[in-house]
Amino acid sequence: VQEHGVGRSYLIEHSAGSGKSNSIAWIAYRLASLHNEDNDAIFDTVIVVTNRVVLDSQLQDTINSFDHTPGLVEAIDDKKRSRGLVDAINDKKRIIICTIQKFLFAKKDMEKFRGRKFAVIIDEAHQGQNGESAKSLRRSLIDIGIAIKEYAEEAGIEEEEVDLTDEYINAVIGQGHHENQSFFAFTATPKGQTLESFGTVVG
């Protein structure tokens with residue numbers, strides 16, 4: 001990440017029950033404190049996402065147990081509605097822990113991000129990464145300025161002509177990889193789709 005910056009995906013093979021919560025916590029803190037040669041933070045926010053319906057208390061406790069500045073970590077548990085996720089991201093919290101389902105309901109209230117960079121750590125990458133929640137996650141965190149520019153170039157139109165109220169255009173803009181997002185996906189059993197989504201081609 002130090003070498004390549006933002007925009008790549010990384011697949012981490014890690015079996016459950018072998019200190020995975022510690023590994024996720026460690027990488028979250030490392031990514032939150034990572035700076036480039038100009039001493040600028042590489043990521044504005046690190047989001048730890050779990051596919052469980054209720055936030056994993058073990059994961060939450062492990063991340064909170066690491067020595068950190070108060071207010072650095074925000075957990076969006078079942079007591080907090082999707083508004084809590086929206087506020088945490090809009091308020092530029094450094095590390096956020098939440099379930100992936102929260103993004104389905106949160107995306108409509110999020111700011112249109114320009115210049116913001118996100119690291120997304122995914123616990124159990126093979127579960128539900130192609131569903132609507134996963135698409136909502138990617139789409140809601142895109143740098144809208146870059147996305148509009150790329151779409152306009154592809155469509156051969158001016159940037160001002162891109163209609164963000166059009167659902168089809170929004171769907172196209174939200175697809176694929178985005179230069180302001182890096183994914184760190186944990187799984188013990190990488191399936192074909194998981195490798196395709198998060199793996200790195202070597203050779």
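Helix 1 and helix 2 are oblique to each other, because their axes cross at roughly 45 degrees and angles that are neither under 35 degrees, over 145, nor 65 to 115 count as oblique. The model is predicted. The protein has eight helices and six strands, and buried residues make up 47% of its 203 residues. The points below cover the overall layout, the helix pair, the nonpolar cores and some single residues.

**Overall layout**

- Along the sequence, the elements follow the pattern β-α-β-α-β-α-β-α-β-α-α-α-β-α.
- Of the contacts between residues at least 6 apart in sequence, 74% join residues at least 24 apart.

**Helix 1 and helix 2**

- Helix 1 covers residues 20–32 and helix 2 covers residues 57–65.
- The axes of these two helices come within 9 Å.
- The crossing of helix 1 past helix 2 is right-handed.
- On the side of helix 1, the residues that meet helix 2 are Ser 21, Asn 22, Ile 24, Ala 25 and Tyr 29. Their partners in helix 2 are Gln 58, Leu 59, Thr 62, Ile 63 and Asn 64.
- Sorted by class, this contact has five nonpolar residues, five polar residues and no charged residues.

**Nonpolar cores**

- The largest nonpolar core has 24 residues. Those with the most contacts inside this core are Leu 31, Val 46, Val 48, Ile 63, Ile 95 and Ile 121.
- Two helices, helix 1 and helix 2, are among the elements that give two or more residues to this core. The strands that do so are strand 2 (45–50), strand 3 (73–75), strand 4 (95–99), strand 5 (118–123) and strand 6 (181–187).
- Helix 1 gives the largest share of this core, seven residues.
- Another core, of 21 residues, lies apart from this one. Among the residues of that other core are Ile 47, Ile 89, Ile 100 and Leu 141.
- Which residues does Val 46 touch, not counting residues up to four places away in sequence? They are Ala 28, Leu 31, Ala 32, Arg 94, Ile 95, Ile 96, Ala 119 and Ile 121.

**Buried residues in helix 2 and strand 3**

- Gln 60 is in helix 2. Its relative accessible area is 16%, and buried means under 20%, so Gln 60 is buried.
- Gln 60 and Ile 96 are 36 residues apart in sequence, and their C-alpha atoms are 9.9 Å apart in space.
- Val 73 belongs to strand 3. With a relative accessibility of 13%, Val 73 also counts as buried.
- The C-alpha atoms of Val 73 and Ile 63 are separated by 8.1 Å, and the two residues are ten residues apart along the chain.
- Leaving aside neighbours within four places in sequence, Val 73 is in contact with Tyr 29, Ile 63, Asn 64, His 68, Ile 95 and Ile 97. Of these, Tyr 29 is one of the helix 1 residues that meet helix 2, and Ile 63 and Asn 64 are among their partners.

**Loop residues**

- Most residues other than glycine have a negative phi.
- Asn 39 is not a glycine, yet its phi is positive, at about 65 degrees. Asn 39 sits in the loop between helix 1 and strand 2.
- Is Asn 39 buried or exposed? Its relative accessibility is 59%, and exposed means over 50%, so Asn 39 counts as exposed.
- Lys 92 is another residue other than glycine with a positive phi, in this case near 60 degrees. Lys 92 is in the loop between helix 3 (82–90) and strand 4.
- Lys 93 lies in the loop between helix 3 and strand 4. At 24% relative accessibility, Lys 93 counts as partly exposed.
- Between the C-alpha atoms of Lys 93 and Ile 47 there are 9.3 Å, and along the chain these residues are 46 residues apart.
- Not counting residues up to four places away in sequence, Lys 93 touches Asp 44, Thr 45, Gly 71, Glu 74 and Ala 88.

Notes: Residues numbered from 1 in each chain as written. Predicted model: local features only at pLDDT ≥ 70, side-chain atom pairs only at ≥ 80, totals over all residues. Heavy atoms only, no water. Axes fitted to C-alpha atoms, helices over the stretch in contact; angles between N-to-C directions. Helix = DSSP H or I, 4+ residues; strand = E, 2+ residues; numbered from the N terminus. Left-handed = near helix turned anticlockwise from the far one by under 90°. Contact = heavy atoms within 4.5 Å. Nonpolar A, V, L, I, M, F, W, Y, C, P; charged D, E, K, R; others polar. Core = buried A, V, L, I, M, F, W, Y, C linked by side-chain atoms within 4.5 Å. Buried < 20%, exposed > 50% of the residue type's maximum accessible area, 1.4 Å probe, protein only.
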